[in-house]
Amino acid sequence: MATKIRLQRRGRKGYAFYSIVIADARAPRDGKFTEKIGTYNPNTNPATVDLNFDRALYWVEVGAQPTDTVRNILSREGVYLMKHLKGGVKKGAFDEAAAQKKFDAWKADKQKGLEKIAAEESKAKKDAAAAQLKAEKAQNEEQAKKVAEKKAAADAAKAEEEAAKAAEEAAAEAPAEEAAPAVEAEAPAEEAPAAEAEAPAAE
């Protein structure tokens, strides 16, 4: 029976993640499987892999054939490196302690690489957030400036309207004030004939 190591889809639409399973090569892609040896989540950066390393190594050593994607996953997790190192131990190239030391050194370098990627991603997120905040601040300032200009224009228009209204009221009151002295000035002129009429009588 040909055995495959393949991915079995899980998750919801738009956010799929996968189980890493051992299955009969003739079984449907998401059908029955012999054993689940891990999970793979491509939605993170880097992708998150939770792998039963020993079982994955066992199945690779007994000849289970991985799909291309699973082969890449197992390679990144060091399964094929350990298989190669164990082969070296069997051939007498080095002992198990040396093999484990080589594997641990590789794993440490890999961890440093993952930490570097995580740090770069974190920095990128912070930079993007800072840029967004700066853009929002500039937009808010521009909006506040427009509101202030609109308010200033409205205040100026109101002040101009009030000034015009005051000028109209002042112009309406001015003729009445000027007419009053004219009447007073004419009053003595009307009394003059009476004074003249009294003069002959006095003689």
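**Exercise 1.** Compare the reach of helix α3 (residues 79-91) with its expected span, and list which of its residues are buried.

*Solution.* In this predicted model, in which local features need pLDDT of at least 70, side-chain atom pairs count only at pLDDT 80 or more, and totals for chains, interfaces and linings use all residues, start with the length of the helix. Residues are numbered from 1 along each chain as its sequence is written, and side-chain values use heavy atoms, with hydrogens and water left out. Helices are DSSP runs of H or I with at least four residues, strands are runs of E with at least two, and both are numbered from the N terminus. Helix α3 holds 13 residues, and the expected span is 1.5 Å times one less than the number of residues. From first C-alpha to last, α3 reaches 19 Å, close to the expected 18 Å. Next, take the buried residues (under 20% relative accessible area, whereas exposed is over 50% and partly exposed lies in between, with a 1.4 Å probe and protein chains only): in α3 they are V79, M82, L85 and G88. Finally, look just past the helix, where G92 takes a positive phi of about 85 degrees.

**Exercise 2.** Find the salt bridge partner of R26, and state whether each of the two residues is buried or exposed.

*Solution.* A salt bridge requires a side-chain nitrogen of Lys or Arg within 4 Å of a carboxyl oxygen of Asp or Glu. The partner of R26 is D24, with the closest N and O atoms 3.0 Å apart. R26 has 70% relative accessibility and therefore counts as exposed, whereas D24, at 17%, is buried.

**Exercise 3.** Which elements hold R55 and E35, and how many residues apart in sequence are the parts that this pair ties together?

*Solution.* First confirm the contact: R55 and E35 form a salt bridge whose closest N and O atoms are 2.9 Å apart. R55 lies in helix α1 (residues 53-61) and E35 in strand β3 (residues 35-41), so the pair ties together parts that are 20 residues apart in sequence. As for accessibility, R55 is partly exposed at 30%.

**Exercise 4.** Describe how E121 and K125 are placed in helix α4 (residues 96-202).

*Solution.* The two side chains meet in a salt bridge, at 3.9 Å from N to O. Because E121 and K125 are 4 residues apart in α4, about one helical turn separates them. An α-helix has 3.6 residues a turn, so residues three or four places apart point the same way. E121 is partly exposed at 24%, while K125, at 57%, is exposed.
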